[in-house]
Amino acid sequence: MAFMSLVRFYHNGWIQEQFLESAFHFKYFGFHWVSVAEPTVLYGLFFLLMVSALCVAFGLLYRITSVLFFVLFTYFELLDATYYLNHYYFISCCAFLLIFLPAHHAFSLDQKLFGWKPKKEVAAWTIYALRIQFTLLYFFAGIAKIQPDWLLEAMPLSIWLKARTDLPLIGPLLDYEATAYLMSWGGMLFDVLAGFLLLIPKTRTFTWIMAAVFHGLTAIIFPQIGVFPYVMIVGTLVYFPWKNLTHRIPSTSSNKQIAHPLIQSIVPYVLSLYFILQVIVPLRHHLYSGNLFWHEQGFRFSWRVMLMEKAGYCEFEVVDTAGNRRTMVRPSDQLNPQQEKMMATQPDMILQYAHYLNREYSKSWQTEVEIYAHCWCSLNGRGSTPYINSDINLAKEKDSFSPKTWILPFE
Amino acid sequence: MTHQHRFWGIGILSLSRSMRRARTNTLTSIVLLLLLAIIGCSTDGANKHPDYDRSSVLADQANNIIGPNFTVLATSCESLDNSINTLIADLSLPHLEDARNALLNARTAFQKCTPYSSFEPSNSYALRNELNTFPSDTALIEQNIASGEYALGRVSTLDAQGFPAIEYLLWSANSDDDILNALTNDSNRRDYLTALSARCQEIASAVSNEWIAYSTMYVQQDGTDVGSSLGMVVNSLNLDFEKFIRDGKVGIPLGIRSLGNPLPGHVEAPYSGNSKALLMASLEGLLQLIEGSEGSSYSLRTYMNHVGAQHSGTELSGVIRNHINDLINQVNAIDRPLEAWLVEEAGAADQLYTDLQQLVVYLKVDMTSSLGILISYQDTDGD
């Protein structure tokens, strides 16, 4: 699955486009040190990533390749925040969990090569770790949809569906407001409930079929969401029990040969901490006042998918007060269209770009400069309004977890 | 769980078996009931519009706007080429005037074509760069004339060709007599001038001819993704307006890229004083593309209305139309050559730039977003 996604990524030339052609890359807070490697090294790493994905799938040198897959996949994600996708983050999360799971105990090449005896049983927690991960995703994606725009205005689906009326068969239906409302409510209910219904044996199969239909539909209507629907359709099979594997409850210590006892003993703590974080992170936005979709503080890593139609436009003014010099910077000269679009609606990226301009112009003008952003933004069809306070010198503002006061309030 | 299976086929059987079982499950029934309830509620009075045919918008653009405008460009470039040849055959003041008028006509026709010059067929002929790279590199023009060696269409020659270079040869000297004398005395200069107009005509007629075959495809690609015609034309007009109209025609001469120092010589038509007329033509061309052809009920404007695009409580299409008309009025009120006005009326010029900027926002943010048009091939989460 991951391998197919990587092949698609490579085939679309996105390595070149996303990582090598841009002069500037947006970073995640705390991960500014991750930088794009030399082209040959980058392609080499990507190839290694593809190999490790295959190795994990077939259970070859699993203990090593699962770590490699997680590290490399996450590395490529951290290269540029422009391309943040919830499902890439999700793959990283699952990859992290897989490191701890004995997924190479049955049906694996390791077993054949090293003559290990196939284990007919795995500890129940190993399967449940993945199931909890999926359930959290559905649940948080669902409660994120319980908000006025989504339920009362059918936004942004109302905009998006009308743009897809050219589809065969279902196309004409998409023009109706009713379709947008139906899909908004249906999507919300599905997301809130699916994670739990999949846990219950009686409803599992039916829910999975619903999931296949639901994700299949989104794949047809929104091809731009990429591999996500397929990841979910295949991934949710983890809820189903396999005949050849029986659960043992509880057991973390029975599989003596898989890992060093020390590692074994810390695994429960690592995973507990991990899942506590998985619950806290999507809720962190409550610490910020104002409209989350507008200021986007606490937006990422929260399973907020397909929730808003947000578009913006941004230009920067570079001023040298002492020397009476000023110039306007059009970001499209340095950024690719995707970077420009993503930056224009995400304040932390606007700030990063302002800091980049500050470095560049301070150097070339040999003096201290001030950076002002002129930005407009439109959320869910409300119409554009000014987004960033253009009287505040962004060169002096620092990125942090504290509220960004230079974002204009949502009207 | 009992539905264990070794093979997929058995799996499907067991799936349907357990589905029947699941149907009896109360929880599932509740979900289904809720879904039905929503269908019931939301169909009430919500079916307010019939199908809106995006391909009719494209057909109007293709057949009544883009096609005719390319044809006008091709014929006016042909007239320009004829007038230049007549002038060269008989270097007289009336023929010089005719050639100048023909140049203004061709350039006006060109302004109507720039919003769709970033996709095929214009794109592969580099229509904009071939015909209208400005400001001209006058030293390079003189060097090409002196050496008689040049290859029009090369990247290095683009700023010594096209309309701006023809303008330079027809206007830049002190007097009309000087222009005629310079041409009379230098066969290289005459050859260069005819080569320039022939090149314009060649490119314009090639684009116009190819459009005929291309327009069918244009009407068929009626989605909203990047490769769709609506996606192409909206992205193309955004690029044209932001980079080549706002910045190229007003912003750069105003000094927005030169540390605030105005560069009045960088206007589009510095020798003929026609920059204002060309700016007008651009705004009119943009308005025509958005409003659709005369009397058409399928256009970007009606499409915005169809999807209910709003801005500050009113129809977005009306906001855009009023704003463009306001810009046209501002430009219309300019009472002297643009290059002089930009420097002498700094306050009004800043206002014009600010209002052009506002239109960029309306087009690039409001229009593009309300129509659900994608701007790139990358995957997105919808955020």
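User: In which order do the four strands of the open sheet in chain A stand?
Analyst: The model is predicted: local features need pLDDT of at least 70, side-chain atom pairs count only at pLDDT 80 or more, and totals for chains, interfaces and linings use all residues. Strands (E, at least two residues) and helices (H or I, at least four) are DSSP runs numbered from the N terminus. Two strands pair if DSSP finds at least two bridges between them. In this sheet of chain A the pairing is antiparallel, and the order is β4-β3-β5-β6.

User: Which are the edge strands of chain A?
Analyst: An edge strand here pairs on one side only. Two strands of chain A fit: β4 (325-329) and β6 (385-386).

User: How many bridges join strand β3 to strand β5 of chain A?
Analyst: β3 spans residues 310-320 and β5 spans 370-379, and they run antiparallel. One partnership is Val319(A) with Glu370(A). The count of bridges from β3(A) to β5(A) is 10.

User: Which residue takes a positive phi in the hairpin of β3(A) and β4(A)?
Analyst: β3(A) and β4(A) pair in the antiparallel sense over five bridges; Val318(A) has Thr327(A) as its bridge partner in β4(A). The hairpin has four residues between the strands. The residue with phi near 55° is Asn324(A).

User: Where does Ala154(A) lie?
Analyst: Residues are numbered from 1 along each chain as its sequence is written, chains are lettered from A and ligands numbered from 1 in the order written, and side-chain values use heavy atoms, without hydrogens or water. Most residues other than glycine have a negative phi. Phi of Ala154(A) is positive, near 55°. Ala154(A) lies in the loop between α8 (148-152) and α9 of chain A.

User: How much area do domain 2 and domain 3 of chain A bury between them?
Analyst: An automatic or database assignment sets the bounds, with domain 2 at 114-305 and domain 3 at 309-396. Contact (heavy atoms within 4.5 Å) takes 11 residues from domain 2 of chain A and 15 from domain 3 of chain A. Buried area is the accessible area (1.4 Å probe) that two parts lose on being put together, summed over both. Carbon and sulfur atoms carry 49% of the buried area, whose total is about 1100 Å².

User: Which three residues supply 52% of the area that domain 2 of chain A buries against domain 3 of chain A?
Analyst: No other three residues supply more of the area domain 2 of chain A buries here. They are Trp294(A), Glu296(A) and Arg300(A).

User: Which residue does Glu296(A) meet in a salt bridge?
Analyst: A salt bridge puts a side-chain nitrogen of Lys or Arg within 4 Å of a carboxyl oxygen of Asp or Glu. The rule finds three across the interface of domain 2 and domain 3 of chain A. For Glu296(A), the N to O distance is 3.0 Å and the partner is Lys310(A).

User: Which helix gives the most residues to the side of domain 2 of chain A that touches domain 3 of chain A?
Analyst: α9 (157-162) and α14 (292-295) of chain A each supply at least two residues to that side. The top contribution is three residues, from α14(A).

User: What is the omega of the peptide bond from Glu120(B) to Pro121(B)?
Analyst: Most peptide bonds are trans. This bond, from Glu120(B) to Pro121(B), is cis. Pro121(B) sits in the loop between α4 (93-113) and α5 (127-132) of chain B. Omega from Glu120(B) to Pro121(B) is near -5°.
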